[in-house]
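Me: I should like to understand how terms are applied to a structure. May I put some questions once it is shown?

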Amino acid sequence: MRTSMLRSIKSLTTSPSAHILRRGYASEAVPLRKVTVLGAAGGIGQPLSLLMKLNPLVSNLALYDIANTPGVAADISHINTRSEVVGYASDAELGKALEGADVVIIPAGVPRKPGMTRDDLFNINAGIVKGLCEAIAKHCPKALVNMISNPVNSTVPIAAEIFKKAGTYDPKRLFGVTTLDVVRAKTFYAGKAMVPVAEVNVPVVGGHAGITILPLFSQATPKANLSDEELTALTKRTQDGGTEVVEAKAGKGSATLSMAYAGAIFADACLKGLNGVPDVIECSFVQSTVTELPFFASRVRLGKNGVEEVLGLGPLSDYEKEGLEKLKPELLSSIEKGIKFATQ
Ligand SMILES: NC(=O)c1ccc[n+]([C@@H]2O[C@H](COP(=O)([O-])OP(=O)(O)OC[C@H]3O[C@@H](n4cnc5c(N)ncnc54)[C@H](O)[C@@H]3O)[C@@H](O)[C@H]2O)c1
Ligand SMILES: O=C(O)C[C@H](O)C(=O)O
């Protein structure tokens with residue numbers, strides 16, 4: 001794996017801000033990349049930090065949490081992979097955790113319990129995200145921000161407003177992480193269509209809550225002849241995937257392991273884009289003109305400055321067109337709630 005990774009890295013050009021590291025990879029030049037995880041000791045934070053420690057594109061891994069960081073950082077730091085790991089444990093250390101970060105991943109905040117919606121997390125998580133984004137604006141305004149904390153439909157607009165206030169907002173650098181919806185859509189589709197899961201592609205657009213999650217199974221590949229009933233059931237299962245896990249965990253939180261996997265895929269895509277790898281495309285909830293809504297998840301091409309291109313929806317089935325119209329009022333209201341919170 002390391003040999004093929006080196007081959008792919010060899011031809012990369014680096015961004016002006018990237019230093020070159022010649023260490024651990026013989027004579028190969030690999031850009032230095034710092035990744036900071038905020039909420040690193042949590043249910044998502046721990047396995048996500050582990051996966052980022054395994055990523056050879058990362059040279060420095062900063063782990064920040066308000067509780068239990070030293071143990072997590074010490075544990076992960078013993079793994080014999082490229083990145084140096086430093087744990088940061090208090091508010092006073094947040095600046096150091098963020099300084100020089102290329103990518104900041106935010107899984108800080110409370111998760112759902114059975115019976116709750118993601119919006120029920122707003123009151124606590126909005127404040128957490130606001131504080132963390134103020135620190136990002138101050139210490140690493142050029143970083144690509146991967147927002148995992150829920151409700152994503154509101155926390156991304158909150159982040160945008162905080163960055164605007166600080167004068168640092170760059171819509172190309174702010175992402176709501178919706179990769180878990182894509183991961184689920186791929187898994188559920190492969191199971192129903194009886195196709196190899198590794199070959200499956202399904203765009204998921206809209207937002208990240210209930211009916212705002214709109215998988216476009218009409219565009220899924222490999223193609224399969226699924227009935228309308230099967231497509232409706234697949235759509236519903238994808239939309240309710242988070243709730244399925246919340247209920248199975250019965251009060252002990254929401255998806256953490258599959259989310260860590262999804263978060264690691266998205267952060268890796270951001271790093272590849274920064275490093276100049278061509279044609280890196282992932283779905284993400286970003287500032288958008290794809291619909292009349294100011295933020296919307298769709299396929300995004302990633303590049304050296306973050307978002308290189310927000311791709312359109314492509315042809316939709318009648319069922320998907322209906323789903324798109326139905327999701328708009330809810331998504332808009334969540335976006336406006338976030339904007340109102342951050343601007344008041
Ligand atoms: N985007 C998605 O697809 C997706 C998927 C799963 C979960 N989530 C969301 O991710 C969030 C985290 O979930 P979890 O299961 O890891 O929760 P968790 O409670 O296990 O972990 C959250 C961590 O955040 C830390 N934290 C709280 N305030 C902080 C602050 N101000 N600064 C730094 N760290 C802080 C806590 O100490 C804790 O370690 C939740 O909001 C959840 O809804 C999103
Ligand atoms: O469902 C949740 O609350 C967590 C997350 O948004 C998910 O989709 O698993």
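Me: From which domains does the shell around ligand 2 draw at least three residues each?

Reply: In this predicted model, that shell takes at least three residues from each of domain 1 (34-177) and domain 2 (178-343). The residues around ligand 2 are P111, R112, R118, N150, L180, G241, G242, V245, V246, S254 and A255.

Me: What makes a residue count as lying around ligand 2?

Reply: Its C-beta atom, placed from the backbone, must lie within 6 Å of the ligand. Among those that qualify are R112 and V245. Helix α9 (residues 241-249) gives the most to this shell, namely four residues.

Me: How many residues of each class does the shell around ligand 2 have?

Reply: Five are nonpolar, four are polar and two are charged. Gly counts as polar in this scheme, and G241 and G242 belong to the shell.

Me: How do you know which residues of domain 1 and domain 2 are in contact?

Reply: Two residues are in contact if their C-beta atoms lie within 7 Å. By that test, 43 residues of domain 1 are in contact with 44 residues of domain 2. On the side of domain 1 that touches domain 2, α6 supplies the largest share, with ten residues. By class, this side has 27 nonpolar, seven polar and nine charged residues. The centres of the two domains, taken over C-alpha atoms, are separated by 21 Å.

Me: Why is the largest nonpolar core said to lie between the domains?

Reply: The core has 98 residues, of which L63, V103, V104, I106, V145 and A159 touch the most other members. Helix α10 (residues 257-274) gives the most to this core, with ten residues. Both domain 1 and domain 2 give residues to this core, so the core lies between them.

Me: Which residues does V104 touch, not counting those up to four places away in sequence?

Reply: With those sequence neighbours set aside, V104 touches T36, L38, L98, I136, C140, A143, V145 and N146.

Me: Why is α10 called largely enclosed by the rest of the structure?

Reply: A residue is buried if 20 or more other C-beta atoms lie within 10 Å of its own. Of the 18 residues of α10, 14 are buried, and therefore the helix is largely enclosed.

Me: How do you know that the span of α10 agrees with the expected one?

Reply: At 1.5 Å a residue, its 18 residues should span 26 Å, and the end C-alpha atoms are 26 Å apart, so the two agree. Just after α10, G276 takes a positive phi of about 90°.

Notes:
Residues are numbered from 1 along each chain as its sequence is written. Chains are lettered from A and ligands numbered from 1 in the order in which they are written. This is a predicted model: local features need pLDDT of at least 70, side-chain atom pairs count only at pLDDT 80 or more; totals for chains, interfaces and linings use all residues. Helices (H or I, at least four residues) and strands (E, at least two) are DSSP runs, numbered from the N terminus. Domain bounds come from an automatic or database domain assignment. A nonpolar core is a set of buried Ala, Val, Leu, Ile, Met, Phe, Trp, Tyr and Cys residues joined through C-beta atoms within 7 Å. A residue is buried if 20 or more other C-beta atoms lie within 10 Å of its own, exposed if 12 or fewer, and partly exposed in between; C-beta atoms are placed from the backbone. The expected span of a helix is 1.5 Å times one less than its number of residues.
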